[in-house]
Amino acid sequence: MPAPLPQIGHRTIEALLSGTGPKENPPREAAPKDASPKESSTRRLVLLYGRYAEPTPAEFVIRTGSTSRRITVVEADSVLGIVEAWQQHQSMAKDDDVLVVTTGVDDAQLSWDLRAYALGKRILTIENAQVVMQRFGVTQLDPTIQQQTWLLDALLDSEPAEGWPRVGPVLTRDAALAALVPARLGLRRNDSSVPGAGQDTTLDADTLLAWSRTPAGPPRFVGLAPQERAALKAWLGETAGAAVPVLLSLVEAGEGHDAMALGLLASALRDPSAGSDAALAVGGLFGQVTPRRNELQSFAEAVEGTVTRWIAQARTSDDARHRVVSVINRADELAAKVGLTDSLRTNRFLGSSFTAQLRRVCALARQSPSGADSALADLRAHGLAALSPNRVLVAEAAVRVARWLALPQPQVRSVAAGVRTHVADWGWVDRALTVLWHGDPDGDTATDQDLRALYEEAAGRRTDLDEAFAQRLTAWTPNATTQHTGGCLLVENVLAEAVAPLLRKDGPAPLLLVLDGMSSAVAAQLGEETEREGWLETVPAPSEGGAPTRLAAVSMLPSVTEISRASLLSGTAVKGGQTVETTGFTTFWKRHHRPSALFHKAAIGGQSGSFLAEELTVALASEAVVGVVLNTVDDALDKGQEGRRTSWSIDAITYLRELLAAARSYGRPVVLMADHGHVLDRNPNNGPAAADGAGSARWRTGDPSAGEVLLTGPRVFEGGGSIVAPWREDIRYTGRRAGYHGGAALAEVTVPVLLLVPSREAMPKDWIALPREQAAPGWWSPFTGHLRHPVEPSAGVLADAAAIPRPAAVDEAADAPASLPDPAAATLGARVVASEVYKAQKEYVRKAPEAKVVVAVIDALHQAGGTMSPAALVAAISATGRVRRQIDGFIAVLQRLLNIEGYPVLGFIDAGHTVKLDVAMLIAQFDLEDPR
């Protein structure tokens, strides 16, 4: 049986005729001299021994020197066929066109008159190895390449339009395959469907897994010859990892699009607790692809790594989100198909397992808060937690409400105590209840049942608090005046008691932002976000033994805009609209010898090219006290636009971000406050209460009924000084809206006040910082309870104080730890500074902090679960000494002490707004035994 003819491709012919290609082999029989470059550019007939590997007849154009020539390729299996093809070419083609005839005819069979027309005057035999060398621009070829005919053929067959990359003087087998694989698989295209594909494609499992989900990629691989597929699979297994051969085997079996989903299900085989039924089910899904257990484990790990990266990208990329959701949903479909769902409840990347864990959190929240805490930690560690933040928020709300319900029944001892506790504690309950009310965003029925039960129990307790507060309010109102406040901060006194202290002779005036209708729950969210944006909340220092808390005022009565906002902006109890507010605002600041400017809704927005109005921008750049009324919250309630909203952000409130940015640019302190709060409509089936004398949705005249109180006194500016106001949230007197205000519930009467400064230097004398950990109640996060009592210094990073106990096992009289007879009983910080590693590290740090300061930092972060805001960290260690550094510089010095060999033991996360201590790495780096 004769040997098969060698394959000849387009690139082979182009290399030969370009005048720069390799010379042909010596003639198979005696023949004239080799063709010269000049001859190759003038001859019109080329005879090649072999078979054209591409469709014939074929035509293409090549450049030879400065001219372009059309090439026609034909097959001829006899001398007569060659003669006919040449005669037809001569009669029809142009003078510069070239005919290439591929044939198996022997040279001896050709007549000399036909040879005379041919390049080289004979049938040429071309070595693919030489062409490959020319196409890669090398002078030497790895011998293993020459021994693999399939590789030479593949390299000639798949050269990309831009040519092969230059790899140096020698083409190795690895370099050849590294160039061949992207071309064969279609990875050298700028294809958005294959993340990472491009001219410099990285051949790793991540790229190939993404490739497996493209419509064109897998068919390209399946279309290759079996020998080539096997060779590419083996080479990729060596270079890209053991997961790739499994992936390519699935592609060959027609399962390429499901390969990633199968990889997620393969975790069942990695679980020691998985039974034989689960193993059989997974094996059935893989069909004829039967990888070894270690190969399957590598494949599953590679898939999970890729899915993890896609989840991270999904935060900012809709394409990434679509890819990962598609994989996860398909994995769940396959699991359900073979009955694997229950066996995969511990899987970190299935939607069904995430839902199962969410159900467990919510069920345990009704039974055991501590058990729910543990289940919540597991849920947060689930791979889909970052992909489903709203569902995690639901779980967190359930656990937080459960913690609050586990506390003793709270009491309302006075109006002043009620509003302060509401802004510091019960308003956070309202925030969590809003999340519970809306249920699971994905609508899981079992989860919703537990959420509803938690909501009803907590809402019942909140209703009891509203009733108790309303009774206190009834007794307080008749005698409440600006001079006799009963210990309350009144809304009409906020300018004098909270805003005026921010004035400094040598500093910018404050910016007052009035968020009409902002409740304590909304303020809690905005307070967290403003600190993450770099603002520092500040409050007057509490009396000895007291805890710093956010300011809260009492609204006018009824708690409606026309009375409360006018009184707030005028600095005196008054009723009126925007004209009254503007006049009152100007008059108040004139008494403080300051110019002022007040802007309402219509005057805030700018013209084309400017977000803020020019007049407002000019005022912000001046020395004037500036006030701006933002109506977003109240408008959303009034027009029913709150919908399923469970949170308020800076970006959700029109103009807020731009105003905060402008205030920061001018160094202005900011007062972010409400004029009154609001309650939400959570009873869509309830109609208006039948009552005479309705003045608005939440107040009327007449006699009180169940759920209402009679309020009478000098601060009651409607009904001739006497109104009936409901304390129950489900009572209204007008048509349905998203929410209401004007009543006597805590959420309506409490006016949250957030005092924000751009730096510590802008804090008034004897005021302190209120980190977000201290603003939140202890039950909100299990790690904030120990931060409720530290006293914040007014300047510097650390200052002398006596607010918290000094860390145990630290000798305060020396810069070294005291004798530690029982190392196991010492704090983590004390054990670190007592270690030999720390002593050696300290030798290289100039002006290192005292040992007691380092101990306090480590212990505070350790007790807080590893993370704290910078302000909270400063507060927690304030009793240990005085350090005249900014917090960034202070942490930088500590990093030189603790981050041995560059390992990130201590550092900033969350864009610099959180300090993190990696406790496990700290223990390892300082050769400590884990006390657990």
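Helix α20 (residues 389–405) and helix α21 (residues 415–438) have axes that come within 9 Å and cross at roughly 135°, and the two are therefore oblique to each other. Helices here are DSSP runs (H or I, at least four residues) numbered from the N terminus, and axes are lines fitted to C-alpha atoms over the stretch in contact, with angles from 0 to 180 degrees between N-to-C directions; oblique is what remains outside under 35 degrees (roughly parallel), over 145 (roughly antiparallel) and 65 to 115 (roughly perpendicular).

The model is predicted: local features need pLDDT of at least 70 and side-chain atom pairs pLDDT 80 or more, while totals for chains, interfaces and linings use all residues. Residues are numbered from 1 along each chain as its sequence is written, and side-chain values use heavy atoms, with hydrogens and water left out.

In the contact (heavy atoms within 4.5 Å), L393, V394, A397, A398, V401 and W404 of α20 meet D425, W426, V429, A432, L433, V435 and L436 of α21. These residues divide into twelve nonpolar, no polar and one charged, where Asp, Glu, Lys and Arg count as charged, Ala, Val, Leu, Ile, Met, Phe, Trp, Tyr, Cys and Pro as nonpolar, and the others, Gly among them, as polar.

The table sets out the classes for three groups of residues.

| Group | Nonpolar | Polar | Charged |
|---|---|---|---|
| Contact of α20 with α21 | twelve residues | no residues | one residue |
| Lining of the second largest cavity | two residues | two residues | five residues |
| Lining of the second largest pocket | six residues | six residues | four residues |
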